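Let's take a friendly walk through this model together. Have the sequence and the coordinates open, and follow along from one region to the next.

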Amino acid sequence: MQYQISSTFSSNPQSLFSLVDMAEVLRPEMLDISNDTSSLASSQELLHVLAVDDSMVDRKFIERLLRVSSCKVTVVDSATRALQYLGLDGENGSVGFEDLKINLIMTDYSMPGMTGYELLKKIKESSIFREIPVVIMSSENILPRIDRCLEEGAEDFLLKPVKLADVKRLRDSLMKAEERAFKNLMHKRELEANDIYSQLKRAKI
């Protein structure tokens, strides 16, 4: 799954843009910035992304894209490792669920052993993790495969090489969703508090 720079890129403008993104992200100064998450001036907790890919090159690339986009990243090299990390392998996971906060899972489609599609199904079958958005990545633009993943509940299907704009779009969408969920939670608690107050007031009467 390593990229081959050939005539394909010269005839495909989108691929050229992807190469520009790749070059931008892999600049030494960008790597230095991405490794220093402490300098990020934000009052919000970083979005945590679990990235799954059997290719070391692709893992490094998507990790850099996510870190440059101000995301916390955990990378694993297989769907099996991802299930172990989430505690969905039938054994104890590497992290207790109470300490595990995952906002997004990005997985390659074609991997040995268990595919990204099979990982997607496992996650959507989980009562704990089914609400976590899952994005499938692939270097092959096969429509039946894309449709099958979206029907199974995938949030999106991205063609490799993934572009920086794709990651930023996903991050912005997730942050808005997190903000809406927080506001809904606060509103729900306010209603519950008002209801309790009303009951206490009636009880005194």
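Is Asp108 buried or exposed? With a relative accessible area of 1%, Asp108 falls under the 20% limit and is therefore buried.

## Asp108 and its surroundings

Please keep in mind that this is a predicted model. Asp108 sits in strand E3. The UniProt record, an unreviewed entry, places the feature "modified residue: 4-aspartylphosphate" at Asp108.

On the sheet side of the picture, Asp108 has Met137 as its bridge partner in E4. On the side-chain side, Asp108 belongs to a network of salt bridges together with Asp53, Asp58 and Lys160.

## How far to trust the model

A word on confidence before going further. The average pLDDT of the protein chain is 79, and 72% of the residues score at least 70. Residues 1–10 have a pLDDT below 50, and this stretch has 17 contacts in the model beyond near neighbours in sequence. Residues 31–44 also have a pLDDT below 50, with 11 contacts counted in that way. Where pLDDT is low, the predicted coordinates should not be read in detail.

## The sheet

Now for the framework around Asp108. Five strands make up an open sheet with parallel pairing, and their order is E2-E1-E3-E4-E5. Strand E2 (71–76) and strand E5 (156–159) are the edge strands, each pairing on one side only. On average, neighbouring strands of this sheet are turned by 20 degrees against each other, direction ignored.

Strand E3 (residues 104–108) pairs with strand E1 (residues 47–52) in the parallel sense, over four bridges. Within this pairing, Leu104 of E3 is the bridge partner of Val49. E3 is also joined to E4 by four bridges, and these two strands run parallel as well.

## Helices on the sheet, and a covered strand

Two helices deserve a look here. Helix H6 (residues 116–125) lies across E1, E3 and strand E4 (134–138), and runs at about 175 degrees to E4. Helix H7 (residues 143–152) packs on the sheet and touches E4 and E5; the direction of H7 makes about 150 degrees with that of E5.

How many of the residues of E4 are buried? The count is five of five, and E4 is mostly covered. In a regular strand the side chains alternate between the two faces of the sheet. In E4, Val134, Ile136 and Ser138 are buried on one side, while Val135 and Met137 are buried on the other, so that both faces are covered.

## The salt-bridge network

Ten may be a handy number to remember: the model has 10 salt bridges by the rule used here. Which residue forms a salt bridge with Asp53? The partner is Lys160, and the closest N and O atoms are 2.6 Å apart. This pair links distant parts of the chain, with Asp53 in the loop between E1 and helix H4 (56–68) and Lys160 in the loop between E5 and H8, 107 residues apart. Asp53 has a relative accessibility of 2% and Lys160 one of 11%; both values are under 20%, so both residues count as buried.

Lys160 also meets the side chain of Asp58 in a salt bridge (2.8 Å, N to O). Here too the pair links distant parts of the chain: Asp58 lies in helix H4 and Lys160 in the loop between E5 and H8, 102 residues apart. Asp58 is buried, like Lys160.

Helix H4 has a salt bridge of its own, in which the side chains of Arg67 and Glu63 meet (3.2 Å, N to O). Both residues lie in H4, four residues apart, which is about one turn of the helix. Glu63 has a relative accessible area of 13% and therefore counts as buried, the limit being 20%.

## Val162, in the loop after E5

One last stop is Val162, in the loop between E5 and helix H8 (164–204). Val162 has a relative accessible area of 2%, under the 20% limit, so Val162 is buried. Leaving out residues up to four places away in sequence, Val162 touches Phe61, Ile62, Leu65, Met137 and Val167. Val162 and Asp58 are 104 residues apart in sequence, yet their C-alpha atoms are 9.4 Å apart in space.

Terms used. Residues are numbered from 1 along each chain as its sequence is written. This is a predicted model: local features need pLDDT of at least 70, side-chain atom pairs count only at pLDDT 80 or more; totals for chains, interfaces and linings use all residues. Side-chain values use heavy atoms; hydrogens and water are left out. Two strands pair if DSSP finds at least two bridges between them. Axes are lines fitted to C-alpha atoms, for helices over the stretch in contact, and angles run from 0 to 180 degrees between N-to-C directions. Contact means heavy atoms within 4.5 Å. UniProt positions are given in the numbering used here, feature names are shortened, and annotations may be inferred rather than shown by experiment. Buried means under 20% relative accessible area, exposed over 50%, partly exposed in between (1.4 Å probe, protein chains only). pLDDT is the predictor's confidence in each residue, from 0 to 100. A salt bridge is a side-chain nitrogen of Lys or Arg within 4 Å of a carboxyl oxygen of Asp or Glu.
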